[in-house]
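Q: I've got this model open and I'd like a close look at the stretch right at the start of the chain. Walk me through it, then carry on into the rest of the fold, pockets and cysteines included.

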Amino acid sequence: MPIPEFVRELRIAIGQGPLWMSGITAVVLDGDGRVLLGRRADNGRWTLITGIIDPGEQPADAAVRECEEETGVRVVPERLTGVSVSAPVVHVNGDQAQYLELTFLCRAVGGEARVNDDESVEVGWFPLDALPEGLGPSMLHRLHHALSGNPEAHFHLTQPPAEPTTPAEPTTPAEPTAPAEPTAPARPAAPARPAAPR
């Protein structure tokens, strides 16, 4: 599939400047445990199946669509295995981009692996212990996490988590003071006797 139409329209507006986009990576396994790879037409590198998510498209639907468009293989996404951000990319045509990458582990359910569009020059199934040279570190990283068996998606946390704050110790209320004992009223002084007349 060529550059999506919505990307083409954005490029008319912003030129080749950096563009933030969302994409999928599909780690597709067949019944023999082989992984589906394609060799890109633009740089000759082998990769997992990748593609840009269309506006409003569910990411899992994008994984299904991209696999069939690029390789002719029909797949069922089974699990989200990774959420990551790519390094800044400069494509061979000079366009700059950076991608939010959502990786899905997928199961092949039909179709026949073949070059199905102009993005790839070769497509094939590879045993996991015989991967072709040129599968980059980022692809190997996504493949590793997809096959790890971890039920949770892998993600990066670059900022250390905030330290939990210790709640203040509750203050003990002061004991109420006992009221002072009432004091007896002072007796009035006896009146002075009048002096005797002289």
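A: Start with Ile3: setting aside neighbours within four places in sequence, Ile3 is in contact with Arg8 and Asn93. Keep in mind that this is a predicted model. Ile3 sits in the segment before helix H1 (5-14). With a relative accessibility of 38%, Ile3 counts as partly exposed. Ile3 also comes with a long-range partner to check: Glu119 is 116 residues away in sequence, yet the two C-alpha atoms are 9.7 Å apart in space.

From there, hop to Ser120, which lies in strand E8 (residues 120-126). Here the relative accessibility is 10%, so Ser120 counts as buried, the cut-off being under 20%. Again leaving out neighbours within four places in sequence, Ser120 is in contact with Arg39, Arg40, Ala41 and Val115.

One of those contacts, Arg40, turns up again around the largest pocket. That pocket has a volume of about 1300 Å³. Of the 46 residues lining the largest pocket, the closest to its centre are Arg40, Asp42, Thr50, His91 and Tyr99. Sorted by class, the lining of this pocket comes out at 21 nonpolar, 14 polar and eleven charged residues.

Next, the strands. Take strand E1 (residues 19-29): nine of its eleven residues are buried, so E1 is largely enclosed by the rest of the structure. E1 has a partner in strand E7 (residues 96-111), and the two pair in the parallel sense over eleven bridges. In that pairing, Leu29 stands opposite Arg107 in E7. E1 also pairs with strand E4 (residues 49-52), this time in the antiparallel sense over four bridges. There, Ala26 stands opposite Ile49 in E4.

Now for the enclosed space. Rolling a probe the size of a water molecule over the atoms shows where empty space is left. Counting cavities of 30 Å³ or more gives one. The largest cavity has a volume of about 60 Å³. If you want to pick out its walls on screen, select Thr81, Gly82, Val83, Ser84, Thr103, His141, Arg142, His145, His154 and His156. The elements giving two or more residues to that lining are strand E5 (73-85) and helix H3 (137-146). E5 gives the most, with four residues. As for chemistry, the lining of the largest cavity has one nonpolar, eight polar and one charged residues.

Last, the cysteines. Searching the whole structure turns up zero disulfides. Cys67 is in no disulfide, and the nearest cysteine sulfur, that of Cys106, is 5.3 Å away. Viewed from the other end, the closest cysteine sulfur to that of Cys106 is in Cys67, and a gap of 5.3 Å is too far for a bond, because a disulfide needs the two sulfur atoms within 2.5 Å. How buried or exposed are these two cysteines? Cys67 has a relative accessibility of 0% and counts as buried. Cys106 is buried too, with a relative accessible area of 1%.

Key: Residues numbered from 1 in each chain as written. Predicted model: local features only at pLDDT ≥ 70, side-chain atom pairs only at ≥ 80, totals over all residues. Heavy atoms only, no water. 1 Å grid on protein atoms, 1.4 Å probe; cavity = no way out; pocket = protein on both sides within 12 Å on 5 of 7 lines; lining within 4 Å. Points joined across faces, edges and corners; volume = space filled by probe spheres on them. Nonpolar A, V, L, I, M, F, W, Y, C, P; charged D, E, K, R; others polar. Buried < 20%, exposed > 50% of the residue type's maximum accessible area, 1.4 Å probe, protein only. Pairing = 2+ DSSP bridges. Contact = heavy atoms within 4.5 Å.
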